[in-house]
Amino acid sequence: MAPPRVRRPVDLLSGLLWLIGTAAVAGLGYLATATAAGFETDLASAGAKLPAVIRFVLNLTAGLGIVALPAAAAVEAALRRRFRALLDTAAAVFITLTLASATSLLITTIGSERLLLALAGSTSSARGTPASPVLAALVALLVVGRISSRSGWRTVGWLVAIATAAITILTGGISATGVIASMTFGAGIGYFYRWAFGSETARASDEQITAVLASHGYEVEQLWTTTRTLRGRHYAATLIDGRTLDVRVLDRDLAGGDFWHTVARSVRVRGVGGMGMSLQRTLERATLMSYAVSRSGVPVNEVVVVCQVGPGSAIVA
């Protein structure tokens, strides 16, 4: 049976931020065309002075990486029988290639010469392109394939992306602004894809929560959900000795679900900060708040268990 899939709010938020970043990069390049043109000249001059061995290493890393990285990711997914993840990655790469190519064509066809100069480094479509679909698709691969979130793969993935970006700039045909915009565009599309089609969830089950409580000396006789929040779940537990526990479960795949609520509260109440994006940060905040309230003399339940439950959840009881 395939694992359940959920739409993670943090993926939607990340997609929005990356695409806003793309618009900001393109806008800054448009407004500072003269400065960008001077920077491109200096960059081209510096690139021409690079030792041949460095250019060879960059070319080799980029050339092999663009082929080997997707192939290795596909083989790993197939060996682990994660065929849905393999399909998602291939679809995201295709969609990003298509959208980046269409955007490049649109800017070349009906965009202003100033914008074309900022992104392509030239007002002639024959001499430059405002976007690099291959680079955008590579970044989308890192995001959707979750290569960017795994330590070993992350290093290799970003080395390939940086080498590809460097070679793309050095060989001409696109400006540094266009390269950066292509990378942020690919990240935005990748995160939007993850949100639209969902991600496999690793939320802790009731059985896992009960087992963790038992490992801390709290044998649960009955556990039931009382409420669901933007960040997780609240449970009430009855122990075999008759005592009760209030159990708060924080789910990683709901990270960012309280972002807009927190922003609105920050506007209403000056000094309220933190967007609760990190599971660890939220867990620490909830624990410290509980300790602070109990130390102030307010009668509240004492925190007796604070720990992570599997890769996707944490509890405070």
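A residue is counted as buried when its relative accessible area is under 20%, as exposed when that area is over 50%, and as partly exposed in between. The structure analysed with this scale is a predicted model. By the cut-off of 20%, Asp 88 is buried, because its relative accessible area is 7%.

Asp 88 takes part in a salt bridge with Arg 84, in which the closest N and O atoms are 3.2 Å apart. Both residues belong to helix H4, where a spacing of four residues, about one turn of the helix, lies between them. The partner of the buried aspartate, Arg 84, is partly exposed, with a relative accessible area of 37%. Side chains of opposite charge can pair when their charged atoms come close.

The count of salt bridges in the model comes to three. In another of these, the side chains of Asp 11 and Arg 194 meet with an N to O distance of 2.9 Å. Asp 11 is located in helix H1 (residues 9-31) and Arg 194 in helix H8, so this pair ties together parts that are 183 residues apart in sequence. Asp 11 counts as buried, at 0% relative accessibility. Arg 194 also counts as buried, at 9% relative accessibility. Helix H1 also contains Val 10, which counts as buried at 12% relative accessibility. From Val 10 to Arg 194 the C-alpha to C-alpha distance is 10.0 Å, although the two residues are 184 residues apart in sequence.

A salt bridge is also present between the side chains of Asp 241 and Arg 243, with 2.8 Å from N to O. Here Asp 241 is partly exposed, with a relative accessible area of 48%, and Arg 243 is likewise partly exposed, with a value of 43%.

A further pair of residues separated along the chain involves helix H3, in which Phe 56 lies. Phe 56 counts as exposed, at 53% relative accessibility, because the cut-off for this class is over 50%. The C-alpha atom of Phe 56 is separated by 9.8 Å from that of Ile 167, a residue 111 positions away along the chain.

The largest pocket of the model has a volume of about 660 Å³. Its lining is made up of 31 residues, and those nearest the centre of the pocket are Arg 82, Thr 89, Val 144, Gly 145 and Arg 146. At least two lining residues are supplied by each of helix H3 (52-79), helix H4 (83-110), helix H6 (133-144), helix H8 (176-197) and strand E2 (199-200). Helix H4 gives the most to this lining, with seven residues. In chemical character, the lining of the largest pocket divides into 17 nonpolar, five polar and nine charged residues.

The model also contains an open sheet of five strands, arranged in the order E3-E4-E5-E7-E6 with antiparallel pairing. Strand E3 (220-228) and strand E6 (306-309) stand at the edges with a single partner strand each, so one side of each is left without a neighbour in the sheet. On average, and with direction ignored, neighbouring strands of this sheet are turned by 25 degrees against each other. Strands of a sheet pair through backbone hydrogen bonds, either parallel or antiparallel.

Within the sheet, strand E4 (residues 232-239) and strand E5 (residues 244-251) pair in the antiparallel sense over seven bridges. His 234 stands opposite Arg 248 of E5. Strand E5 is in turn joined to E7 by four bridges, and these two strands run antiparallel. Opposite Asp 251 stands Ser 313 in E7. Strand E7 also pairs with E6, again in the antiparallel sense, over four bridges. The bridge partner of Val 306 is Val 316 in E7.

Strand E7 (residues 313-316) is covered on both faces. Ser 313 and Ile 315 on one side are buried, as are Ala 314 and Val 316 on the other. Ser 313, which stands opposite Asp 251, and Val 316, the bridge partner of Val 306, thus belong to opposite faces of E7, both of them covered.

Methods: Residues are numbered from 1 along each chain as its sequence is written. This is a predicted model: local features need pLDDT of at least 70, side-chain atom pairs count only at pLDDT 80 or more; totals for chains, interfaces and linings use all residues. Side-chain values use heavy atoms; hydrogens and water are left out. On a 1 Å grid over the protein atoms alone, a cavity is a set of points where a 1.4 Å probe fits but cannot get out, and a pocket is an open set with protein on both sides within 12 Å along at least five of seven lines; lining residues have an atom within 4 Å of a point. Grid points are joined across faces, edges and corners, and a volume is the space filled by probe spheres set on the points. Ala, Val, Leu, Ile, Met, Phe, Trp, Tyr, Cys and Pro count as nonpolar, Asp, Glu, Lys and Arg as charged, and the others, Gly among them, as polar. A salt bridge is a side-chain nitrogen of Lys or Arg within 4 Å of a carboxyl oxygen of Asp or Glu. Buried means under 20% relative accessible area, exposed over 50%, partly exposed in between (1.4 Å probe, protein chains only). Two strands pair if DSSP finds at least two bridges between them. Axes are lines fitted to C-alpha atoms, for helices over the stretch in contact, and angles run from 0 to 180 degrees between N-to-C directions.
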